[in-house]
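Biologist: I have a new structure open and I am not sure where to begin. Could you walk me through it while I ask questions?

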Amino acid sequence: MDLSIKDYSLTPADVPVFEPKLVSDARKNELKEEIRELLRKQDAVLVAHYYVDGDIQDLASETGGCVSDSLEMARFGCNHSASTLIVSGVRFMGETAKILSPDKRVLMPTLEAECSLDLGCPPDEFAKFCDANPDRTVVVYANTSVEVKALSDWVVTSSVGLKIVEHLAADGEKILWAPDKHLGHYIQTQTQADMLLWSGACVVHEEFKYRALVDLKKVYPDAGLLVHPESPAAVIEEADCVGSTSQIVRAAGELDYDTFIVATDRGLFHQLRKMQPNKRFIEAPTAGDGAMCRSCAHCPWMAMNELETLRDSLLSLDNEILVDEETAMRALKPLQRMLDFPVN
């Protein structure tokens with residue numbers, strides 16, 4: 001890892017404090033019924049990320065939509081026949097849906113839902129980074145803007161990034177990677193690829209703490225550890241499984257543990273507990289009140305996805321994702337490379 005590269009990780013002051021509204025069960029049911037009717041009226045399908053509110057995840061499943069990681073969200077939206085996609089997640093996910101489905105209307109519950117990795121990779125600065133390293137193949141994580149994707153040769157998600165970089169390294173290619181330094185370091189370690197890393201980080205995964213994790217494992221010595229690769233290297237090294245959200249969900253069913261400590265956004269616990277009701281899932285430690293983040297174990301931007309804002313977006317048809325057509329066409333090429341890459 002080249003530590004001389006400027007650190008683009010966000011500080012706590014850059015992260016919003018967001019408190020979801022308290023909603024009664026009766027009101028939730030009313031909102032869900034309104035949303036079901038609006039989805040039918042608007043010829044829309046709901047695509048939700050694992051990290052958003054559990055009620056929205058359930059509604060997506062119940063209405064024929066999709067609950068998944070960002071890769072499968074992209075595939076699902078592109079292949080679905082609905083003329084309108086409503087993407088419950090963060091902005092880059094909505095942009096990706098629009099790039100892949102330019103003729104569809106793409107809505108989000110809120111356009112304020114950002115991603116610290118996206119914000120930590122400004123397109124102008126990244127273009128300079130690429131220009132300074134013209135001999136490298138540019139591989140960017142999906143958690144980036146359409147403008148950054150348009151500068152890349154490949155776009156990857158955490159579920160396929162390792163295999164794609166392994167493939168490129170086998171062909172002798174040198175990699176310029178952005179933006180997550182922890183995911184990049186993990187892939188570099190696993191593949192031994194020649195990688196130059198942008199220095200960004202996720203405000204949630206950055207805060208998982210090795211020493212506190214070791215202490216927690218003493219309390220639960222028989223627990224398995226599931227870790228997202230955006231986490232720091234010391235945390236990853238302790239893991240029984242390192243993987244994307246979908247890979248963590250799968251591992252929770254396949255590994256022979258009754259209890260798991262999980263180092264990723266707590267939004268994933270909704271699906272983990274639904275799919276493995278007889279197993280126990282414990283949040284990996286972020287050092288609690290002493291942590292540096294304002295979002296420990298849950299992304300504040302993901303939390304902005306609420307039933308009421310989802311309903312309002314379908315009513316007003318506001319919060320539409322629009323992308324520059326020329327930029328989107330350039331971003332489509334590296335995205336399509338990922339979608340076409342054989343992962344099995």
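Modeller: What follows is a talk through some helices, hollows and single residues of this model, which is a predicted one.

Biologist: Let's start with helix 2, then. How many of its residues are buried?

Modeller: Seven of the nine residues of helix 2 are buried, so the helix is mostly covered. Those buried residues are G54, D55, I56, Q57, D58, L59 and A60.

Biologist: And what covers them?

Modeller: The cover over the buried residues of helix 2 includes helix 1, strand 1 (44-49), strand 2 (66-68) and strand 3, together with helix 13 (269-275) and helix 14.

Biologist: What do you see at the two ends of helix 2?

Modeller: At the start of helix 2, a side-chain oxygen of D53 comes to within 2.9 Å of the backbone nitrogen of D55, while just after the helix G64 has a positive phi of about 85°.

Biologist: Strand 3 came up just now. Is S88 in that strand buried or exposed?

Modeller: S88 lies in strand 3, which runs over residues 84-88, and S88 counts as buried because its relative accessibility is 0%, where buried means under 20%. Leaving aside neighbours within four places in sequence, S88 is in contact with L46, V47, A48, H49, V52, I56, M73, P109 and N305. With N305 there is also a polar contact of 3.1 Å between the two side chains.

Biologist: Now the hollows. What volume does the largest pocket have?

Modeller: The largest pocket has a volume of about 490 Å³. It is lined by 25 residues, and the closest to its centre are P20, D53, G54, A303 and N305. The elements that give two or more residues to this lining are helix 1 (25-41), helix 2 (54-62) and helix 14 (307-316). Two of the names have come up before: D53 from the start of helix 2 and N305 from the polar contact with S88.

Biologist: How many cavities are there of 30 Å³ or more?

Modeller: The structure holds two cavities of 30 Å³ or more, and the largest cavity has a volume of about 300 Å³. The largest cavity is lined by 28 residues, of which H49, Y51, N143, E230 and M302 lie nearest its centre. Helix 3, helix 4 and helix 5 (116-119) each supply at least two residues of that lining.

Biologist: How does anyone find such spaces in a model?

Modeller: Rolling a probe the size of a water molecule over the atoms shows where empty space is left.

Biologist: What about M304, where does that sit?

Modeller: M304 is in the loop between strand 12 (280-283) and helix 14, and it is buried because its relative accessible area is 9%, which is under 20%. Not counting residues up to four places away in sequence, M304 touches P16, F18, T110, E112, A113 and T309. Measuring aside, the computed C-alpha to C-alpha distance from M304 to Q336 is 29 Å, and the two are 32 residues apart in sequence.

Biologist: Moving on to helix 15, why do you trust its length?

Modeller: Helix 15 has 16 residues (325-340), which at 1.5 Å a residue should span 22 Å, and its end C-alpha atoms are 22 Å apart, so the two values agree. Helix 15 does bend by about 30° at L332, and a proline, P334, follows within four residues.

Biologist: Which of its residues are buried, and what do they pack against?

Modeller: The buried residues of helix 15 are T327, A328, A331, P334, L335, M338 and L339. They pack against helix 3 (70-79), helix 4 (91-100), helix 7 (146-150), strand 6 (154-156) and helix 8 (161-170).

Biologist: Why does that list skip along in threes and fours?

Modeller: An α-helix has 3.6 residues a turn, so residues three or four places apart point the same way.

Biologist: Last topic: any unusual backbone angles?

Modeller: Most residues other than glycine have a negative phi, and most peptide bonds are trans. Here Q192, in the loop between helix 9 and strand 8 (195-197), has a positive phi of about 60°, and Q192 counts as exposed because its relative accessibility of 65% is over 50%. N319 also has a positive phi, near 60°, and it is partly exposed at 25%. Finally, a cis peptide bond joins A178 and P179, with omega about -5°.

Terms used:
Residues numbered from 1 in each chain as written. Predicted model: local features only at pLDDT ≥ 70, side-chain atom pairs only at ≥ 80, totals over all residues. Heavy atoms only, no water. Expected span 1.5 Å × (residues − 1). Bend = angle between axes of the 7 residues up to and from the residue. Buried < 20%, exposed > 50% of the residue type's maximum accessible area, 1.4 Å probe, protein only. Contact = heavy atoms within 4.5 Å. 1 Å grid on protein atoms, 1.4 Å probe; cavity = no way out; pocket = protein on both sides within 12 Å on 5 of 7 lines; lining within 4 Å. Points joined across faces, edges and corners; volume = space filled by probe spheres on them. Polar contact = N/O pair within 3.5 Å; in protein donor to acceptor, adjacent residues only side chain to side chain.
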